[in-house]
Amino acid sequence: MINPQLDSDGNLKHLLTIEGLPTRILNQILDTAETFVGVAERDIKKVPLLRGKTVCNIFFENSTRTRTTFEIAAKRLSADVINLNVGTSSQSKGETILDTVDNLIAMHADMFVVRHNQSGAPHFIAQHVPDHISVINAGDGRHAHPTQGLLDVFTIRRYKPDMHNLRIALVGDVLHSRVARSEIHALTTLGVPEVRVIAPKTLLPTDVEKLGVQVFHDMKAGLKDVDVVMMLRLQNERMNGAMLPSAQEYFKTFGLTQEKLQLAKPDAIVMHPGPMNRGVEIDSCVADGNQSVILPQVTYGIAVRMAVMAILGGGSGQTGSGA
Amino acid sequence: MQLPNPETLLSDITAKIQAQLNLATNIEHCAFVGIHSGGVWLMQRILNTLKLDTPYGTLDAALYRDDYAQRGLKAESKPSNIPFNVQDKHIILIDDIFYTGRTTRAAMNELFDYGRPASITLAVLINRGGAELPISPNIVGAEILLNHNQSLQLSQDTKGKLHLSLKESATEYIRLEPNND
C-alpha cells in the first residue's frame, strides 16, 4: 500500500498520523527537534529556513494552545503565518472544506496545519492539494494528533534515553483521546517493550489490546514500577451519556495522587498533554511536583513542530554536499 | 594523487593559530568555534595541544544553508552549541575542508544570531579551491586544487587519528570557466 505521507523517495511529504511511519522518519523528526531546542535558548530565537513561505493554520475546531505552538514554531522558522478559525468564518456561511482550501491555495500558501473535529479531514485535504503543499494534522476527531504524540515521545527520550528498557503507563480516557493512539503507535514503533493503559472499561476502545498494550483497570497494579506516567485529560466536552459516576468518584479511583505515584519507580516522570483538570485526573501537588515534566512538554512541543515543518518545507531531504 | 598527512597539517595550523594568539592583546576575548563534524575534531585537538581554557562552541549551520530549498535538511544534522557570549569576541572558526565558501557563510550567519563578534578568523586544514563567494580562509594547512567531481573527506578513527580520503564521482560536472579574452 502506498503511504500517502511519504513521497516516491520515501521522504516525509505530509504528517497525518504516526501509524505506519517508519522508525527512520520518527528518529529523523526527533533528532532534528534536538537542534531546535537550542534555537529557543538563544537571544535570537529564529532561523531562516522557511523565509518567504506561508503557513496556514486552518482550525475547524478551536484549540488555542495547539494553534499558538504551531504559530510560534512557524514564526521561529521565519515563515509568515495566517490563522483561520474556520468554525467562526466561512464554513458557518456554507462554504465547503475544499473551497476554503482552494482559496488558500490561490493565495499561495505553502503549508497547511489542519485541525478538524471529523476524523480523516486532514487526510482528505492532503489528497486534494497540489504537490508542493504539505499538510500537518493538528488533531482530527478521535483519530490522531501526531505532533502531540511526537512531543510526548521526545520528552520521554530526553528524560529516559534508553527507550528499549522502559515501562510506560497511559492513564485515563483512552477512548476519546487521539493523543493516546498517536502515542501508542510512536512508542511501540520506537521499541518501548511495555506500554500499559489504565482506565475504566467505559473509557477504553473495544479493540485496545490490538494496539499492543497491556490493559489494567486498577491504578495500584498498573502503576507498579513504571518509568513514565502519562495522564490523559478527562474529555468532559466529548462525554455523551453517563460513562462515569462523577468527577469526584473518578479522581478517587483514577486520579493521580502523590500516594499512587509512589508505586511507580522513584525516578518516574509524570506527563500530561494539557489542558489539565486539576482534582479530576491529577492532583495539584503531583502536577506541580518535582517529578512533573508537564511544562517541559510544552517547550519541547515547539521544537518538535519546528522539526516537522523544517523537514516538510525543504527539498527532498537528501544528504547535502559541498563544504 | 598523493594526499598530505592530515596530522602534519593539523600541527601546522595549530602553530599558525598559536602565533596569531601571541599577537592578540587580550586572549580572554578569544573563543573557538568548530563546524561539525571535522571542524569540531580539529578544534578539540588544537585546544588540547595549546592547553587553552578559552571558551569554545560547536556549529552545524544546516539551518542557515542556502541549498535547503533543493536538498532539505540532512537527517544527521547536529545541534549547535555556543555556550559563551559571542558579543565582542574574537572568534577562530575552524572547518576541515574549504570549498565553495557556502558553509562558512551559513556558519557566520548563525554566529551573528548569537551576537556581534569583534572578528572572525577562518582556519581550515585544506583549501581545495572552487570558492563561489568572496570568502577565503585566513589560516590554511595546505592548498590542493581539485576538480568538481572529486570530493575530499576527513575522518577520525577510533584512536582519534585523522585520515583524508579522495572520492571521485563518475560524472564530470561542466564548469563555466571565465573568459580570458
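**Close-up 1. A:Ser78 sits in the loop that links helix 2 (64–76) and strand 2 (80–85) of chain A.** As in every view here, we are looking at a predicted model. Although A:Ser78 is not a glycine, its phi is positive, at about 70°. How many other C-beta atoms lie within 10 Å of A:Ser78? There are 14, so A:Ser78 is partly exposed.

**Close-up 2. B:Lys51 is another non-glycine residue with a positive phi, here about 50°.** Look for B:Lys51 in the loop between helix 2 and strand 2 (56–59) of chain B. Is B:Lys51 buried or exposed? B:Lys51 is exposed, because 6 other C-beta atoms lie within 10 Å, and a residue with 12 or fewer falls in that class.

**Close-up 3. A cis peptide bond runs from B:His36 to B:Ser37.** Its omega is near -10°. B:Ser37 belongs to the loop between strand 1 (30–35) and helix 2 (38–50) of chain B. Helix 2 of chain B also borders the loop that holds B:Lys51, shown in the previous view.

**Close-up 4. In chain A, the peptide bond from A:Gly274 to A:Pro275 is cis.** Omega is near -10° for this bond. The loop to look at joins strand 9 (269–271) and helix 10 (284–287) of chain A, and A:Pro275 is part of it.

**Close-up 5. Strand 3 (residues 90–98) and strand 4 (residues 119–127) of chain B run parallel, joined by eight bridges.** One bridge pairs B:His90 with B:Ser119 in strand 4 of chain B. Between these two strands the chain passes through helix 4 (residues 102–112) of chain B, making a right-handed β-α-β crossover.

**Close-up 6. Strand 4 of chain B also pairs with strand 5 (residues 139–143) of chain B, again in the parallel sense.** Four bridges make up this pairing. Which residue of strand 5 is the bridge partner of B:Ile126? That partner is B:Ala142.

**Close-up 7. Domain 1 (23–144 + 300–313) and domain 2 (146–294) are the domains assigned in chain A.** Their centres, taken over C-alpha atoms, are 26 Å apart. Each side of the contact has 18 residues: 18 from domain 1 of chain A and 18 from domain 2 of chain A. On the side of domain 1, helix 1 (23–39), strand 4 (134–140) and helix 11 (294–313) of chain A are the elements that each supply two or more residues. By class, this side of domain 1 has 10 nonpolar, five polar and three charged residues.

Technical notes. Residues numbered from 1 in each chain as written. Chains lettered and ligands numbered in written order. Predicted model: local features only at pLDDT ≥ 70, side-chain atom pairs only at ≥ 80, totals over all residues. Pairing = 2+ DSSP bridges. Right-handed = clockwise from strand over helix to strand, strands pointing away. Domains from an automatic or database assignment. Contact = placed C-beta atoms within 7 Å. Nonpolar A, V, L, I, M, F, W, Y, C, P; charged D, E, K, R; others polar. Buried ≥ 20, exposed ≤ 12 C-beta atoms within 10 Å, placed from the backbone.
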